Amino acid sequence: MGRVTERRRVLRIRDGAVGARPDTLVAEEPLEIRLGGRPLAITMRTPGDDFALAAGFLVSEGVLGRAEELAGIVYCAGATRDGSNPYNVVDVRLAPGVVVPDITLERNVYTTSSCGLCGKASLDAVRTTTRWPIADTPPVRIRPDLLAALPDRLRAAQRVFDRTGGLHAAGLFSAEGQLLDLREDVGRHNAVDKLVGRALQSDALPLSRSILLVSGRASFELAQKAVMAGIPVLSAVSAPSSLAVDLAAETGLTLVGFLRGASMNVYAGEHRLVLPSAPPRPSDTALSVSSSPGGSQRARGGRTR
């Protein structure tokens, strides 16, 4: 299977000094996902955890929800002219009786490492009905200072990022802040699929008592993947999209963006945050939460970045 990193020659210029040296780069290769032998999707990914990636992708598409529905995943051989196997094609076999939604067989999807699924026919096509509605009872209750500590924990566990600086990360945390799993990939959506796929393979879905943290922005598709896995809290170090906020509000997902230091914006699902008093509910702004150096928290309304 392909390597996670590769070496390339680079011309390095520092303070007027010029020199050549090898540099470590994150590997990026295509992965074709087939379902029952039929081509389904192609994604640009960092090699590794390919079976989990394929399984997680099918969870987000509404095909899989339980480990027993997955009969197996194999690499397809002979994908190159000389007969060697680059391990860039996987075929997913479903258990007998598993119903496949028409949408997965009627469209071939090309995905990229930056945007996730592209070319969706309509908004309705991506609002897939989840098997795991977010109805955590009792609801997960999280302190803002716990959320504020998670990015540093995620960053400390990113081993490949330290060598390349070119990877996104997705981390799955318990409601108490314990890091349960972490995956890295050139595509943030791939990293989430790998997390969800590993949970499916372990028969751990739904992830109804967990927090998902992503290293970049929170797109609609990442919100969808969280909802499809039954994850009640999605946090991102950067901004969400408007459609991600809409989906979070519709499904009950807690969506946190700009999680940096002691500050964060809560765009939906603020009922899961433990605050000293009821937060204001401005109609056209997000809820901005900050933790003071002494550990106390305050909520304030107003326009946020």
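A residue is called partly exposed when its relative accessible area falls between the 20% limit for buried and the 50% limit for exposed. Arg12 has a relative accessible area of 33%, so Arg12 is partly exposed. Keep in mind that the structure above is a predicted model. With that idea in hand, let's tour a charged patch, a nonpolar patch, a cluster of rings and a few spots with special backbone geometry.

**The positive patch**

- Arg7, Arg12, Arg14 and Arg21 form a positive patch on the surface.
- Which strand gives the most to the positive patch? That is S1, with three residues.
- Arg12, the residue we started with, lies in strand S1.

**The nonpolar patch**

- The surface also has a nonpolar patch, formed by Leu11, Ile13 and Val18.
- Together these residues have about 300 Å² of accessible area.
- You can find Ile13 in strand S1, which covers residues 5-14.
- Is Ile13 buried or exposed? Its relative accessible area is 52%, and exposed means over 50%, so Ile13 counts as exposed.

**The aromatic cluster**

- How many aromatic pairs are there? The count comes to two.
- One of the pairs joins Phe51 and Tyr75, with ring centres 4.8 Å apart and planes at 40 degrees.
- That angle is neither under 30 degrees nor over 60, so the Phe51 and Tyr75 pair is tilted.
- Phe51 sits in helix H1 (residues 50-60) and Tyr75 in strand S5 (residues 70-75), so this pair ties together parts that are 24 residues apart in sequence.
- Phe51 has a relative accessible area of 27% and is partly exposed.
- Tyr75 is partly exposed as well, at 22%.
- Tyr75 also pairs with Tyr87: the centres are 4.9 Å apart and the planes meet at 85 degrees, which makes the pair edge-to-face.
- This second link connects distant parts of the chain, since Tyr75 is in strand S5 while Tyr87 is in the loop between S5 and strand S6 (89-94), 12 residues apart.
- Tyr87 is partly exposed, with a relative accessible area of 31%.
- Through these ring pairs, Phe51, Tyr75 and Tyr87 become linked into a cluster.

**The loop between H6 and S11**

- Look for Pro206 in the loop between helix H6 (188-201) and strand S11 (210-214).
- The peptide bond that runs from Leu205 to Pro206 is cis, and its omega is near 0 degrees.
- Asp203 is found in the loop between H6 and S11 too.
- Although Asp203 is not a glycine, its phi is positive, at about 55 degrees.
- What is the relative accessibility of Asp203? The value is 46%, so Asp203 counts as partly exposed.

**A positive phi in strand S13**

- Phe258 is another residue that is not a glycine yet has a positive phi, here about 50 degrees.
- Phe258 lies in strand S13, made of residues 254-260.
- Is Phe258 buried or exposed? Its relative accessible area is 11%, which is under 20%, so Phe258 is buried.

Terms used. Residues numbered from 1 in each chain as written. Predicted model: local features only at pLDDT ≥ 70, side-chain atom pairs only at ≥ 80, totals over all residues. Heavy atoms only, no water. Patch = residues over 30% accessible without salt bridge, like charges linked within 9 Å, V, L, I, M, F, W, Y side chains within 5 Å. Areas by Shrake-Rupley, 256 points an atom, 1.4 Å probe, with all protein chains shown as cover. Salt bridge = Lys/Arg side-chain N within 4 Å of Asp/Glu carboxyl O. Helix = DSSP H or I, 4+ residues; strand = E, 2+ residues; numbered from the N terminus. Buried < 20%, exposed > 50% of the residue type's maximum accessible area, 1.4 Å probe, protein only. Phe/Tyr/Trp six-rings, centres within 6.5 Å; stacked < 30°, edge-to-face > 60°. Lys, Arg positive; Asp, Glu negative; His and termini not counted. Charge placed at Lys NZ, Arg CZ, Asp CG, Glu CD.
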